[in-house]
Amino acid sequence: MMEIQVVTVSIILSICGKVFCDRQVQLPMPEFNQAEGRPNVLFLVVDDLRPELGCYGSPVITPNIDQLAIQSIRFANAHAQQALCAPSRASFLTSRRPDTTKVYDLETYWRNAGGNFTTLPQYFKENGYFTASMGKVFHNGTASNETDDYPYSWSVPAYHPSTTKYKRKKVCLSPDGTRHEYLLCPVDVSQQPEGTLPDIQLADNAISMIRNMSSGLKSTNASSHLPFFLGLGFYKPHIPFKFPKEFLSLYPIDTIKMATNKDLPASLPDVAFETYSSLREREDIAALNLSFPYGPMPDEYHLLIRQHYYAAVSYVDAMIGRVLNALEESSLADNTIIVLIGDHGWQLGEHSEFAKFSNYALATRVPLLIHVPPLLKESFHQKKMITFHFQDVLQNMPQQTEGSGKVLNAFVELVDIFPTIVDLAGLPSVSECPSVSHEIQLCTEGTSLLPLIKPVSAGAESMWKNCTFSQYPRPDIQPKNNTDVPKLKDIRIMGYTLQTKYYRFAEWLGFDTNTSKPDWSNVYARELYDLEKDVEENNNVADEPQYQLIIKNLTKALQKGWRNCKPL
């Protein structure tokens, strides 16, 4: 029989690297039913998902994720550390920032470049969990050693849907009956290779595993059964927008609205612009003969891209709903922590940009939901309230959900997820990394969110970190064909971004990939957005005289780094 670990969490609160308060705070841990054993973890990662969800106030139809949100803590101000798949995933799965993992492109493996860092699933595996990966949890390919970091992170080899090999194939049917590689690709699933799609296969496989684990649990003593950490990486709404065509009917084109700030800002530095080259490679966008690098995208396609992104989000919501319903039907929901995130955001025509490869908040801000059953039961006076009924939007419009769950506006970063899940599961807490940590396998450059999730007193948000850090590399000051995703050898510039309550500030600096350090004296460009006046980040005021003292102070804060944002 496995022992239930009881962990006392002690946090020394600090600011700017100096001890502010040396009292130790006893944080109450969520109390899972000991008869059910240690809690399971269902970790849901959705590719290129910005907070375009009903529960975040979007018109996009996402009843299944919304149902999870009203039974979760919803973080309204969560940010990725780099708006690119491999660097972001390497960062939040190791709880190290890109300058520590040294992963800035789609090819670098952090164990070879940054250090032999313990990952989130690896830590659970080392603490007696069965860990499994399905779909795109780590960035697939060389960025995870062609194995999704197996066997370090996973108990069994990762599952990849067989239909992922058709991602760049000509499977999109045109009106004349020919097939092409399009960006906009709603399909008749029955006419697709193998008669299915990756996220359908992913959901099917996850449901099968959940049912098998539930059957095994029922046939053995629950307290002696291995708890699981199941990572599911959904592929949509990443381009191409290939999904069952029925979902497009949810969004008649005449109901789609243009971005309110669709024009290229006059004050945007050239180095800050992303050229959406990955879209230009698709036959339907290539046929538009867009001017490089700035376009603009025709209004017709601006609307079509937004329409197809929305439909792709509703499609992946349905697949997530099927998995959550299986979790409930298998009697595992009451003892399973559920975390849902996007790996980074995506721009839908704002600032004349149509991808993620930038430092704008639209590129870094992500949805983050954390569902902790004991906390939910406390909220409802110990009544069983965990329900994940599948809502099929193609059959019936979703039922109106009541409530919004617990909403937190505090600044959080994806590097915070690792220590948070560890604390919620009752595993030994992870210590903060020292300033140089390449030889240290296990530590965090984030902060556990437990004081926000289960605060010891009122006002926890007001004593939380007061900024977030993100970054993005460039090969040159002028937009080029490889501007969006430069390979490591081509990176010459790094844009560092600091987000505070009132400002979003970026400096584009000379950068040495050998040392992973910027040259603070070599400033190519600056961006400053006064969020009280300009929440959409349309007007860069970095050159305006009245902001120079603010820029001086923000530059100092940027140079001090992420530790400058520690909780009060």
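Here are a few friendly questions and answers about a predicted model.

Reader: In what order do the four strands of the open sheet lie?

Author: Good place to start! The pairing in this open sheet is antiparallel, and the twist averages 20 degrees from one strand to the next. The order of the four strands is β15-β16-β17-β18.

Reader: Which strands stand at the edges, each with a single partner strand?

Author: Strands of a sheet pair through backbone hydrogen bonds. Each edge strand has a single partner, so one side of it is left without a neighbour in the sheet. The edge strands are β15 (468-474) and β18 (517-530).

Reader: How many bridges join β17 to β18?

Author: Let's look at β17 (residues 503-512) from both sides. With β16 (residues 493-499), β17 pairs in the antiparallel sense over seven bridges, and I493 has G510 as its bridge partner in β17. Towards β18, W508 is partnered by A525. These two strands, β17 and β18, run antiparallel and are joined by ten bridges.

Reader: Which residue in the turn between β17 and β18 has a positive phi?

Author: The two strands form a hairpin, with four residues between them. In that turn, a positive phi of about 55 degrees belongs to S516.

Reader: At what angle does helix α14 run to β17?

Author: Helix α14 covers residues 548-560 and lies across β15, β16, β17 and β18. Its angle to β17 is about 55 degrees.

Reader: How many residues of helix α12 are buried?

Author: Buried here means under 20% relative accessible area. Helix α12 spans residues 417-425, and its buried residues include I417, F418 and D423. Just after the helix, G426 takes a positive phi of about 80 degrees. The count of buried residues in α12 is nine of nine.

How values were computed. Residues numbered from 1 in each chain as written. Predicted model: local features only at pLDDT ≥ 70, side-chain atom pairs only at ≥ 80, totals over all residues. Heavy atoms only, no water. Pairing = 2+ DSSP bridges. Axes fitted to C-alpha atoms, helices over the stretch in contact; angles between N-to-C directions. Contact = heavy atoms within 4.5 Å. Buried < 20%, exposed > 50% of the residue type's maximum accessible area, 1.4 Å probe, protein only.
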